[in-house]
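Work through the exercises below with the sequence and the coordinates at hand, and compare each step with the worked solution that follows the task.

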Amino acid sequence: MKYGFVKVAAAVPAVKVADCRFNAQQAENQIVVADGKGVQIIAFPELNLTGYSCGDLFAQSLLLEQAEFALMQIMNNTRQLDIISIVGMPVVAGPVLMNCAVVFQKGKILGVVPKTYLPNYKEFYEQRWFASASTLPANMTVRLCGQVVPLTTNILFDTPDVCFGVEICEDVWAPIPPSSTLALKGAEIIFNISADTENISKHQYLRSLLAQQSARCLAGYVFSSCGFGESTTDVVFAGNGLIYENGNLLAASERFSFKEQMVVSEIDVERLRGERLVNTTFAASIQAHTPAPALRVASELVVSRDLTLTRQIDAHPFVPSGNEQLDARCEEIFSIQVAGLAKRLVHTGCQTVVVGISGGLDSTLALLVCVKTFDKLGLSRKGIIGITMPGFGTTDRTYNNALSLMASLQVTAEEISIKAACIQHFQDIGQDMSVHDVTYENGQARERTQILMDYANKVGGLVIGTGDLSELALGWATYNGDHMSMYGVNASIPKTLVRYLVSWVAQTGVDTLSRNTLLDIIDTPISPELIPADESGNIKQKTEDLVGPYELHDFFLYYFLRFGTRPSKIFYLAEIAFKGVYDSTTIKKWLTTFFRRFFSQQFKRSCLPDGPKVGSVSLSPRGDWRMPSDASPAMWLKECEELQG
């Protein structure tokens, strides 16, 4: 299982109602194609060997006999393949007929899973033809294709790569689906073979249901449903093939296609295992809802071939795709920031805040949050004191943008140069002004913070922090300088998202003059401006030239913090996500920088000011990330060193 991925498929074959030979050939063809693509497990629709809509023909012994012959045909013709297949067929179990999923590999039936919940819809009254799994005794076996095999819903299929379970169609619509219990007993992927009929609005509800079930179970969910070829006497089948992972849709078929389809994707089982390890609610549910252990059936090795991902790897995981989703996300994040600051102001009784305005993205976002908060609280914007503090590296562009923005937003603007104070300070400590080292840079940052803190004391206000999540991860902040504030509104917002938030406010919430200034700030290179500008007065010290592209670091941060992903897998995913943008050598270089800085700079994160959490990734030492400041990065750096960049 390379990097924890398991390749799965949801097949929607062509079908002829009651023609088992034809249906077997279609399934066999798709199994062969799927195996050639490296698929490890493939699922077919409910009753696909007979057709779901046979009606009273299910009582015909010839149909039941031919269904078993069809299964034998498929198993014989695919016994040389590694792939595990799940097909749907009626199975006679003693005196009753069951609607079943049959799981087989290399000519051997691993187990048979009967359907538990039988619908009594007017168009398909399954209880007329089939018995429910709830009527069966525990640990029952059945003879099928000359093999004696287990017949039970309480069965898990173990492979060296993954543990999976199966449920059938209506089962997932139950208040407590069988898949919930299977997941708690160890199933990491659930396969649902279905015959889902179509009507107005049902499809969207189905997608919501499957997304929620996969998220609730912290599992992969593969759904395969009947398509073109089923009887349309009263209903239509659209052929839904859907693959989910922990609530996220990975792949979907074309609805109402007249051709057979196969939806393929890779489920990150390693990620799911990591989620379960840290989810205490999931662990507690195991004890509460799994009184009886499952029957576990082991299969032969599922061969992991050279992995080529078909699933999309988003280069900007913090930024949702699509304008509508992005707007909704920005509005929600901005509202969380505003609500957090509002509570702090109300609690402290403060009606004044102090913000250092540099003309850069982070301080701009913090100022916009303050403005919105004051508006919602009915406070005068004059209580927002923006202080621009030009230093040795301040350029005309950022300086003018800072002044223009404060003026157009109608906040109180102050200008306090740090040059004279820094010169005096450098003289006091014997710092050569021509040496632009860390002392030269950090001295300016701390001088600015001292001004903000003392000014806040003077006016009885709070200093609002501007630093973002990406800077905290890299330690790109001066300890007790811009690292410190009285409330940090940007603390859990990554740099790649800050730009979009400012852009969203520019387009939706400010006047024309402010909008023009904001758009220019967005286009300004990211810089602390602590080193003098070049001969043309342009920014010389560009952050991303020094620590690396923030889009890469945010990608690394997301996978490392959110899923506990190791460097080699992050590298593999980054190569895919940034193909054509960064080569492997560049990715390896900045990945190594990320881990080196992340570990060495923990001491700064251990004493962070309060700030609102807005997403699933945060570095607050009081909640989301608790790491000793002297933890060794040796293992992570060694793996980075061994990468083939």
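**Exercise 1.** Decide whether E332 is buried, partly exposed or exposed in this predicted model.

*Solution.* The relative accessibility of E332 is 51%, and the class of exposed residues begins over 50%, so E332 counts as exposed. As a next step, place the residue in its element: E332 lies in helix α7, which covers residues 323-348. Finally, look at its surroundings on the surface, where E332 joins E324, D327 and E331 in a patch of negative charge.

**Exercise 2.** Determine what end-to-end span should be expected for helix α8 (residues 361-377), and where the helix stands with respect to burial.

*Solution.* Helix α8 has 17 residues, and at 1.5 Å a residue, counted over one less than the number of residues, the expected span is 24 Å. The C-alpha atoms at the two ends are 24 Å apart, which agrees with that expectation. Turning to burial, 13 of the 17 residues of α8 are buried, so the helix is largely enclosed by the rest of the structure. The residue that follows α8 is G378, with a positive phi near 75°.

**Exercise 3.** Describe the backbone and the exposure of K106 and of N480.

*Solution.* Most residues other than glycine have a negative phi. K106, although not a glycine, has a positive phi of about 50°, and its place is in the loop between β4 (96-105) and β5 (108-114). N480, also not a glycine, has a positive phi of about 60°, in the loop between α12 (469-474) and β20 (487-488). With relative accessible areas of 27% for K106 and 44% for N480, each counts as partly exposed.

Definitions and conventions:
Residues numbered from 1 in each chain as written. Predicted model: local features only at pLDDT ≥ 70, side-chain atom pairs only at ≥ 80, totals over all residues. Heavy atoms only, no water. Patch = residues over 30% accessible without salt bridge, like charges linked within 9 Å, V, L, I, M, F, W, Y side chains within 5 Å. Areas by Shrake-Rupley, 256 points an atom, 1.4 Å probe, with all protein chains shown as cover. Salt bridge = Lys/Arg side-chain N within 4 Å of Asp/Glu carboxyl O. Lys, Arg positive; Asp, Glu negative; His and termini not counted. Charge placed at Lys NZ, Arg CZ, Asp CG, Glu CD. Helix = DSSP H or I, 4+ residues; strand = E, 2+ residues; numbered from the N terminus. Buried < 20%, exposed > 50% of the residue type's maximum accessible area, 1.4 Å probe, protein only.
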